[in-house]
Amino acid sequence: MFESPRWVRISALVAGVALMLLVPFYADTFWMQAGLFAIAAAIGAIGLNLLTGATGQLSLGHAFFLAVGAYGYVYFASESDNHFVGLGLPTPVAAILAVLLAGLVGGIFSPIAGRLKGTYLGIATLALIFIGQHILSNAESVTGSHNGRQVPPLDLGFLVFDDSPELVVANVPLGAFERLWFLALILLVISAWVARGVLRGRPGRALNTIRDHEIAAGVMGVPVARYRAAVFVLSSMYAGLAGVILALVFRQTVPDYFGIILALDYLAMIVIGGLGTVAGAMIGAVFITLLPQVLTRYSDGLPLVAAPGSGGFSPAEAARIIYGAAVVAVVLFLPGGLFGMWTRIRLAVAARRHRAV
Amino acid sequence: MSTPRIPELVVSDLTVKFAGITALDAVGFTVAPGTIHAVIGPNGAGKSTCFNVLSGVYRATSGSVRFGEHELTKLPPHKIAHLGMARTFQNIALSKLMSVENNIMIGRHRLTRSGFLTAGLRLPLNRREERDHRARVREIAAFVGVSEYLAAPTGMLPYGVLKRIELARALAMEPILLMLDEPVAGMNGGERRRMAEVIKAVQEDLGISILLVEHDMGMVMQLADQVTVLDFGKRIASGPPAEVQQNPEVIRAYLGVSDENATGVSMDKERA
């Protein structure tokens, strides 16, 4: 609707990607890890924004599908041993299967996802979180219970996403994080591109119409339940992919991570970033993921924020307070989220320039 | 474009009950191919309920609606849409957040095939469909007179324009039966005249059947070939407009008097 010329958008995209490609050559381990979390979260948030932002279907179960992706990968890629079972498949195959598994599980849930709308689906998906936590704790041979399970590094044959064998480019040693960075970045670009295509094409219009006026969508020939189910499956696959990347970054999966708090984090991402758009999901993901990390890193210099147990708020608490306030502020003052604000600023600037000419 | 074969729409013995209230009571009428058929009646007569049953939004308690060989009372809304039935809504039912063009594009849904994969990967089918159907949408927008608003966000437009966008969206479905639920409600005189011209042009140029719910009697008398009058869910009269206008039952329903000499009274006063 409010588009910059094509060449502006393309050159901005190319510049952005080029900048991101340079990051591993300069950033330290802390920032690499934080950045990888942000990229994985961005992919997951794009998926949730397709479901919640574009279609109006609330999901509190997104963290469950991240867990399916993460544990699915570990299960498919690991060899069976005395404690654990696994299929020992080639790791790239395991990664793809893990994403498909997340989609399949979403598909199993789709009779519910297709029939329930809005907040009702939110309640139903909440159950998934608890089911997930139960399975993660109790299916020990698959999930490793509370100790979690080690994640086999991804091995593409010509490149292993691990610290060894050593790989040095331009005098910079590229370890597991640096290598994963490039992979995650490519996956993010593809994920964003596909989601944008979906949103701007025939399915996106159908989803938006379902969100804004369900009855009109049906009368216009959109099979409402089928689209709701389909977007739920797609959103689950995005979550699964995010889960696989997170598992590769963590190198050890822990069940506690995939709880209700994570699911709420994802909702906060799309609300703060902007509902219904790919860019909004990415901005929100970066904001929510980096905020606690940055606060931890720089807690010395910030008032009221201190190391846990020493008075003040812990950085994690401070981050929650800030983004709680951010959600409220966005809902009150910034419909459209941070990305919507950016669009409005650009419009205002364009209008002023238009008047000046 | 060859004229599509248009079947009759036959409504018979249609009854709809909501928790003890009978909204429609054994109503029957037939929309002959290529004609404009109006359904009129005072507020609460069951006109919109009737529309909602025909388009599959409400379920009928009993009775049947046949469109050619299809029994519509058993079908969900999207299947009815695929038979070539389009409708507008009395209260605007557009997506406020989408552009006008995209709102009209949703009318092309039944005529296009791109799915998640085709659109996500921008396969050639997707590109071709987007290009061709957006071109057709622009033609339809010009026909209805909303071309200048295509790029605008729908939420910001005035009511009269939104009504026309609804009509454009319904026409974008290339329907063979068009159902208009109070197309000129809330419009001023000029807007009403324009809308009436567009509706007349739709029928003459496309040769499709039109089912019209309307309160504006001037418009009904001018456009309709046949009129069905409902009151409290019952059909109280049916026939050509001039005949219905003289019907004492109809006058009683509209004016609330039983003076049978008061024939020919204008019914425009009905609406507050």
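Residues 259-272 of chain B are the stretch to treat with care: pLDDT stays under 50 there. The model still has 17 contacts beyond four places in sequence for those residues. Where pLDDT is low, the predicted coordinates should not be read in detail. This is a predicted model, and chain B as a whole averages a pLDDT of 88, with 93% of its residues scoring at least 70. For the complex, the predictor gives an ipTM of 0.89 and a pTM of 0.90.

**How chain B divides**

- The domain assignment splits chain B into domain 1 (1-84 + 175-272) and domain 2 (94-172), so to speak of the low-scoring tail, residues 259-272, is to speak of a piece of domain 1.
- Between the C-alpha centres of the two domains of chain B there are 27 Å.
- Where they touch, eleven residues of domain 1 of chain B meet nine residues of domain 2 of chain B.
- On the domain 1 side of that contact, α2 (77-82) and α7 (189-206) of chain B are the elements that give two or more residues.
- α7(B) gives the most to that side, with four residues.
- Sorted by class, the domain 1 side has seven nonpolar, two polar and two charged residues.

**The open sheet in chain B**

- Six strands of chain B make an open sheet with mixed pairing, and the order to trace is β6-β7-β8-β3-β9-β10.
- The edges belong to β6 (85-87) and β10 (234-239) of chain B; each has a single partner strand, so one side of each is left without a neighbour in the sheet.
- On average, neighbouring strands of this sheet are turned by 15 degrees against each other, direction ignored.
- At the β6(B) edge, the partner is β7 (residues 177-181) of chain B, and the two pair in the parallel sense over three bridges.
- To find that pairing on screen, look for Met85(B), which stands opposite Leu177(B) in β7(B).

**Helices lying on the sheet**

- Helix α1 (residues 47-54) of chain B lies across five strands of chain B: β3 (36-40), β6, β7, β8 (209-213) and β9 (226-231).
- Relative to β7(B), α1(B) runs at about 145 degrees.
- Helix α10 (residues 248-255) of chain B lies across β9 and β10 of chain B, running at about 130 degrees to β10(B).

**A helix pair in chain A**

- Two packed helices are described by the angle between their axes and the distance between the axes.
- For α2 (residues 29-53) and α12 (residues 278-297) of chain A, the axes come within 7 Å and cross at roughly 145 degrees.
- The crossing of α2(A) past α12(A) is right-handed.
- Among the residues making the contact are Phe30(A), Phe37(A), Ile46(A) and Asn49(A) of α2(A), together with Met282(A), Ile288(A), Gln293(A) and Arg297(A) of α12(A).
- By class, this contact has 15 nonpolar, five polar and one charged residues.

**Where chain A meets chain B**

- The contact draws 23 residues from chain A and 34 residues from chain B.
- On the chain A side, the elements giving two or more residues are α7 (176-200), α8 (202-212), α9 (214-219) and α10 (224-250) of chain A.
- α8(A) supplies the largest share of the chain A side, seven residues.
- The chain A side divides into 13 nonpolar, seven polar and three charged residues.

Note on methods: Residues are numbered from 1 along each chain as its sequence is written. Chains are lettered from A and ligands numbered from 1 in the order in which they are written. This is a predicted model: local features need pLDDT of at least 70, side-chain atom pairs count only at pLDDT 80 or more; totals for chains, interfaces and linings use all residues. Two strands pair if DSSP finds at least two bridges between them. Axes are lines fitted to C-alpha atoms, for helices over the stretch in contact, and angles run from 0 to 180 degrees between N-to-C directions. Two residues are in contact if their C-beta atoms, placed from the backbone, lie within 7 Å. Ala, Val, Leu, Ile, Met, Phe, Trp, Tyr, Cys and Pro count as nonpolar, Asp, Glu, Lys and Arg as charged, and the others, Gly among them, as polar. A crossing is left-handed if the near helix is turned anticlockwise from the far one by less than a right angle, and right-handed if clockwise. pLDDT is the predictor's confidence in each residue, from 0 to 100. Domain bounds come from an automatic or database domain assignment.
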